[in-house]
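Thanks for coming. I will take one structure today and go through it from the whole chain down to single residues.

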Amino acid sequence: MSLIICYYGKNGAVIGGDRRQIFFRGSEENRKILEEKLYSGEIKSEEELYKLAEKLNIKIIIEDDREKVRKISDSVVCGEVRSLGIDAKRRRVYATKGKCAIVDILNDTVTNQTIKEGFGIVVLGNRFLKKKAEEELKRTAKLFPMMPIQQIEDAIKEIFEKLKWHPTVSKEYDIYSVNKYEKNFEEVIKKDIESLFKYREQLRKQLIDFGKVMSIVNKIVKNGEIGVIKDGKLHLYDDYIAIDKIDPNPKVFKVVDVEGNFKDGDIVVIENGDMKIKGTNEKVTTKYIIIHK
């Protein structure tokens with residue numbers, strides 16, 4: 001859904017990018033039909049997009065809050081287009097004064113990296129937007145190496161203004177520029193990509209932990225006989241355990257302290273979430289959480 005325009009040359013580097021993300025939900029066949037019409041330029045407004053999506057029974061969600069370009073330092077800018085599905089595919093452009101790099105990333109692996117020097121323009125985006133942006137750039141881009149950075153920014157802004165009618169481009173966009181040369185350009189790129197891989201690893205761990213927590217929550221006992229009182233403590237039956245907290249790695253117990261009016265031999269039950277002595281309304285409490293084993 002993206003449009004990113006990056007210039008690099010002897011006068012510095014400029015990068016601009018829109019903020020739009022569009023999510024599709026529905027049959028794969030109909031999604032492909034919708035995407036083809038969208039990327040070919042056949043769909044010319046958000047209204048047309050919503051109408052066709054409804055006709056194809058595809059739910060679409062449009063968000064305009066993803067910053068696709070950024071300034072890494074006072075000498076390097078970066079932009080990224082991506083496709084997230086079973087695999088995460090990313091193409092990044094990094095630029096400094098007189099130099100740029102295009103990096104392809106599949107999940108946690110750099111599959112290709114190209115370094116270019118001198119001056120040039122890189123356009124990333126769907127084929128319709130890319131073609132339109134390149135048509136606009138033909139008129140002015142050859143003069144970029146002789147322009148002040150601010151004037152190049154203005155020229156790129158003008159292209160975004162001309163193309164923001166298209167439903168794959170947000171009305172707002174971001175522009176960053178630098179006018180310094182980064183002597184450790186490739187090292188900066190390496191560290192930035194490493195930070196992406198670390199973030200993905202942290203995200204994986206968070207998702208695993210979330211899955212563990214939800215598994216525990218789903219196992220909390222709502223009803224049933226759970227154990228018997230022996231020596232003033234609750235001894236849980238084989239099918240149950242007690243945990244100290246809802247956590248991916250809780251402490252586990254088979255015998256726990258309880259409070260209430262009870263005697264050895266009493267059967268403890270849980271009824272609609274309340275712990276009681278079986279056959280009575282005597283409530284029993286514990287600081288632990290009882291779950292299915």
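What follows covers the overall form, then a strand, a sheet, a loop residue and a pocket.

Please keep in mind throughout that this is a predicted model.

Overall form, then. The chain has five helices and 21 strands. How does the radius of gyration compare with the globule rule for 293 residues? The radius of gyration is 29 Å, and the rule gives 19 Å, so the chain is more spread out than a compact globule. Along the principal axes, the C-alpha atoms fill a box of roughly 90 × 50 × 30 Å. As for burial, 42% of the 293 residues are buried.

Now to strand S2, which covers residues 12–18. Are its residues buried or exposed? Seven of its seven residues are buried. In a regular strand, side chains alternate between the two faces of the sheet. For S2, one side carries Gly12, Val14, Gly16 and Asp18, the other carries Ala13, Ile15 and Gly17, and both faces are covered. Note that Asp18 is among the buried residues here.

S2 has two pairings to look at. With strand S1, residues 3–9, the pairing is antiparallel over six bridges. A hairpin of two residues makes the connection from S1 to S2. Within this pair, Cys6 stands opposite Ile15. The other pairing is with strand S11, residues 173–178, again antiparallel and joined by six bridges. There, Ala13 has Val178 as its bridge partner. Put together, S2 pairs with S1 and with S11.

Next, an open sheet. What is the order of its five strands? The order is S16-S13-S12-S18-S19, and the pairing is antiparallel. At the edges are S16, residues 255–257, and S19, residues 274–277, each of which pairs on one side only. On average, neighbouring strands in this sheet are turned by 35° against each other, ignoring direction.

Inside that order, consider S12 and S18. S12 spans residues 224–230, S18 spans residues 267–271, and four bridges link them in the antiparallel sense. Gly224 stands opposite Ile270 of S18.

From S18 we can step along to Gly273. Where does Gly273 sit? Gly273 is in the loop between S18 and S19. Its relative accessible area is 45%, which puts Gly273 in the partly exposed class, since buried means under 20% and exposed over 50%. The C-alpha atom of Gly273 is 8.8 Å from that of Ile220, although the two residues are 53 apart along the chain.

Last, the second largest pocket. Rolling a probe the size of a water molecule over the atoms shows where empty space is left. The volume of this pocket is about 250 Å³. Which elements give two or more residues to its lining? They are strand S6 (77–84), strand S7 (88–96) and helix H5 (185–219). H5 contributes the largest share, six residues.

By residue type, the lining has five nonpolar, no polar and six charged members. The charged ones include Glu80, Arg82, Arg90 and Arg92, while Leu84, Leu196 and Tyr199 are among the nonpolar ones. Also in the lining are Arg200, Leu203, Arg204 and Leu207.

To recap in two points. The buried strand S2 pairs with S1 and S11. The second largest pocket takes the largest share of its lining from H5. I can take questions now.

Methods
Residues numbered from 1 in each chain as written. Predicted model: local features only at pLDDT ≥ 70, side-chain atom pairs only at ≥ 80, totals over all residues. Heavy atoms only, no water. 1 Å grid on protein atoms, 1.4 Å probe; cavity = no way out; pocket = protein on both sides within 12 Å on 5 of 7 lines; lining within 4 Å. Points joined across faces, edges and corners; volume = space filled by probe spheres on them. Pairing = 2+ DSSP bridges. Axes fitted to C-alpha atoms, helices over the stretch in contact; angles between N-to-C directions. Rg over C-alpha atoms; globule rule 2.2 N^0.38 Å. Buried < 20%, exposed > 50% of the residue type's maximum accessible area, 1.4 Å probe, protein only.
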